[in-house]
Amino acid sequence: MATYIILLGMQGAGKGTQAAVLSKRLGVPHVTTGGLFRAMEGQDSDLARQIQAIMKRGDLVPDDITVAVVRQRLAAPDAANGAIFDGFPRTLPQAQALDALLAELGAEVSLAPLLTLDREEAIARISARWECTLDPTHVYNMRTNPPKVPGICDIDGAPLRQRPDDTPEAAAKRIDTFFEKTAPLLDYYRARGILHEVDAAQSIEAVSAALLQLIEAKGRA
Ligand code: AMP
């Protein structure tokens, strides 16, 4: 049975960090629309330039473009047994499109854990976030999870950078958008009985343990 898990929560809650942990543990890919869009940075096309401008402002990329990118990613063979979604879906139409995409594969969303965190802590975390320039799934936090050598990735030794949309202004806007556009999704998954809250203020290890426990319980159900 394929396992498709959606990590929900505002920016800074640790979705990327936890998605990387779960991806490794479960052997299914980490599908991050933000990461897929960032990978288009520098591409010489109108679409790529339009996406970069939207991201820089902290706005959402239109649903049709986002769903097309996910459809393409799910068609890759490594996603046949499941995926951990991070930053997708972010709107109700995206959630409905994902249901339709998974139904085509004979699958469905298994679990939608919600990583809860308060707004001030989220903005503080985002402002302290640095990512690897070689592999952006290697993410550090200068306060809670710093690299061993300042400015250098522990895993591959590449320089770290701050994301251009991690300024306090863009971060605050992205969090407002979370409440406006993404919060309605919570009821969508809650109504199906697959939304479970996890306190994201805990340590990285404690959050991972809570998530793995939910996944195991789901497997037994
Ligand atoms: P993230 O890395 O998840 O914070 O995403 C960075 C930016 O990419 C967001 O602020 C949006 O501009 C864009 N983005 C990522 N995922 C989505 C999505 N599911 N729908 C629309 N825009 C998205």
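I began with contacts in the protein chain: among those with a separation of 6 or more, residues 24 or more positions apart account for 70%. I note that the model is predicted.

I then looked up the secondary structure, and I recorded eight helices and eight strands for the protein chain. The radius of gyration is 17 Å, close to the 17 Å that the globule rule gives for 221 residues, so I entered the chain as being as compact as a globular protein of that length. Along the principal axes, I noted that the C-alpha atoms fill a box of roughly 45 × 40 × 35 Å.

Next I turned to burial and surface. I found that 47% of the 221 residues are buried. For the exposed area of the protein chain I wrote down about 10,800 Å², of which carbon and sulfur atoms supply 55%.

I also looked up the charged side chains. The protein chain carries 24 positive and 28 negative ones, and I noted that the centres of the two sets lie 1 Å apart.

My last entries concern strand β1. Is β1 largely enclosed by the rest of the structure, or not, and why? I recorded that four of the five residues in β1 (residues 3-7) are buried, that is, under 20% relative accessible area, so the strand is largely enclosed by the rest of the structure.

Which strands pair with β1? I found strand β3 (residues 82-86), joined to β1 in the parallel sense over five bridges; within this pairing, Thr3 has Gly82 as its bridge partner. I also found strand β4 (residues 109-116), which pairs with β1 in the parallel sense over two bridges. Here I noted Ile5 opposite Leu111 of β4.

Methods
Residues are numbered from 1 along each chain as its sequence is written. This is a predicted model: local features need pLDDT of at least 70, side-chain atom pairs count only at pLDDT 80 or more; totals for chains, interfaces and linings use all residues. Side-chain values use heavy atoms; hydrogens and water are left out. Buried means under 20% relative accessible area, exposed over 50%, partly exposed in between (1.4 Å probe, protein chains only). Two strands pair if DSSP finds at least two bridges between them. The radius of gyration is taken over C-alpha atoms; the globule rule is 2.2 Å times the number of residues to the power 0.38. Contact means heavy atoms within 4.5 Å. Accessible areas come from the Shrake-Rupley method with a 1.4 Å probe; for residues, only the protein chains shown count as cover. Lys and Arg count as positive and Asp and Glu as negative; His and the chain ends are not counted. The place of a charge is taken as NZ of Lys, CZ of Arg, CG of Asp or CD of Glu.
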